[in-house]
Amino acid sequence: MSPKPSEHPVPRTLIAALPHEERRGWLRHGLAALAISALGLAVAGSVSLTTSAETTSGMAGLDTRLEQVAGSATPSNRSATTLGAAPQTRGFSVAQQGSTQPFERPDPAVAAADARVRAAVVKERAAQRAEDLSKTAEDVTRATRDASSKVREKNLAATDRQIRENAVRIATERRKRAIAARIAAEYERKRAEAAAAAAAAQAKATASARTEAAAEAESSAESSAESSTTDEQASSSVPDEEASPTRSPSRSSRSSGRSPMADSGDISSSSRGVSPVPGAVIGAHFGQVGIWARYHTGLDFRAGQGTPIRAVKSGVVLYAGNSGNWAGNHVAVKHRDGMTTMSSHMSSMAVSAGQNVRAGQVIGYVGQTGRAFGAHLHFELYPQGVKYGDLYRAINPSPWLSRNGVYTR
Ligand SMILES: [Zn+2]
């Protein structure tokens, strides 16, 4: 086709200057080009309309591609448009003059091209979109994966850190507890030590006290009458007697010596007592009211000066001396049954405090020292727990003497 429009617009004057036949061909071709260009425009417009909604950069690129496609589909686009204005009016005249065949003929071809273009466009667009979508999906997946892995990593790191911190905390806690336990143990040990020391001191004190008591008991204990040896001790069988504040001085000066025992017949068995003054008559009984302050607090044995006074039962001498009161020279003996006998107004004493005496042993001699009228033995009995000399707590000696086989008249 020789009259194919050039890339440069053809001036109108030039068209006008062309011969008639030439002009007609030009017009015909121009109309066809116009139609094609209109279709191309329509296609481009529709594409740009549909794609204008797209905001992604991929779609924008597609737009330009589509425009290029549209442009290439109508190569005479621009020139035809510029040419179209003038020959349009003439085109009608051409149509009126001749048949419409040449005008309608290109239609199916154009439509086919259009359809092809559309299909291509749609296809390309779909492919592009799919590609973009897949790419986006891939990106999203990768990003998600990255993000999740990053998050997981972070979580793992955090967990790890926490675990480490926990371990450190636990270790610290354990160390603290161990220290506290050690301190507690130390404290406990010290306390135990202190307790042990206190117990040891206590035990020592107790032991020393016991030793003292044992020594005292030993010194005060009396060998049994049945025993053949004087060394045999009845330790602790005789309770320790509390010292009288008024009469105690002699306690410290008691003799450790033991008077030798005579194997005389007047020494009875332990079950039987001995009369303080065997054969003596009772001058005054217990509880009698007479010259005494309230009542007679003992038994009076009538006997001459110097008559031996004997221990009724075995025991330990609590006191032997004169404290300057009504009793004169007197001796107190504590017996194994807890009773204490006290003999007063002695002319002299044969024993000393702390000494063990046997039943029947001479402890002193009848006299009238203290507040006494004539020589006699004033004999008193004190029950267990009562201090000798506590006059008005003395009890009647007669029943006790009788229980021990000593009968008074
Ligand atoms: Zn008396």
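Partly exposed here means a relative accessible area between 20% and 50%; keep that in mind for the rings later on. One more thing before you click around: this is a predicted model.

**Stop 1: the sheet.** Colour by strand and you'll find an open sheet of seven strands, ordered β1-β2-β10-β6-β5-β4-β8, with antiparallel pairing. Its edges are β1 (281–284) and β8 (356–357), each pairing on one side only. Now zoom in on β6 (residues 340–346) and β10 (residues 376–382): five bridges join this antiparallel pair. T341 is a handy landmark, standing opposite L381 in β10.

**Stop 2: the zinc ion.** Select the zinc ion with H296, D300 and H378. The donors are NE2 of H296, OD of D300 twice, and ND1 of H378, at 1.8 to 2.7 Å. The angles between the four donor atoms run from 53 to 159°, so the arrangement is irregular. Because D300 lies in strand β2 (residues 299–302) and H378 in strand β10, the pair ties together parts that are 78 residues apart in sequence. Both D300 and H378 are buried.

**Stop 3: the rings.** Next, show F286, Y295 and Y392, which form one aromatic cluster. F286 and Y295 are edge-to-face, 6.0 Å centre to centre with 75° between the planes. F286 has a relative accessible area of 23%, so it's partly exposed, and Y295 is too, at 21%. Y295 also meets Y392 edge-to-face, with centres 5.4 Å apart and planes at 65°. Y392 is partly exposed at 29%.

**Last stop: R294.** Add R294 to the selection: its charged end sits over the ring of Y392, 4.4 Å from the ring's centre.

Technical notes:
Residues are numbered from 1 along each chain as its sequence is written. This is a predicted model: local features need pLDDT of at least 70, side-chain atom pairs count only at pLDDT 80 or more; totals for chains, interfaces and linings use all residues. Side-chain values use heavy atoms; hydrogens and water are left out. Two strands pair if DSSP finds at least two bridges between them. Helices (H or I, at least four residues) and strands (E, at least two) are DSSP runs, numbered from the N terminus. Donors are N, O and S atoms within 2.8 Å of the metal (3.2 Å for Na, K and Ca); water is not among the atoms, so sites may look incomplete. Four donors count as tetrahedral if all angles lie between 85 and 135 degrees; four count as square planar and six as octahedral if opposite donors are over 155 degrees apart and all others between 65 and 115; anything else is irregular. Buried means under 20% relative accessible area, exposed over 50%, partly exposed in between (1.4 Å probe, protein chains only). Rings of Phe, Tyr and Trp (its six-membered ring) pair if their centres lie within 6.5 Å; planes under 30 degrees apart count as stacked, over 60 as edge-to-face and the rest as tilted. A charge sits over a ring if NZ of Lys or CZ of Arg is within 6 Å of the ring centre and within 35 degrees of the ring normal.
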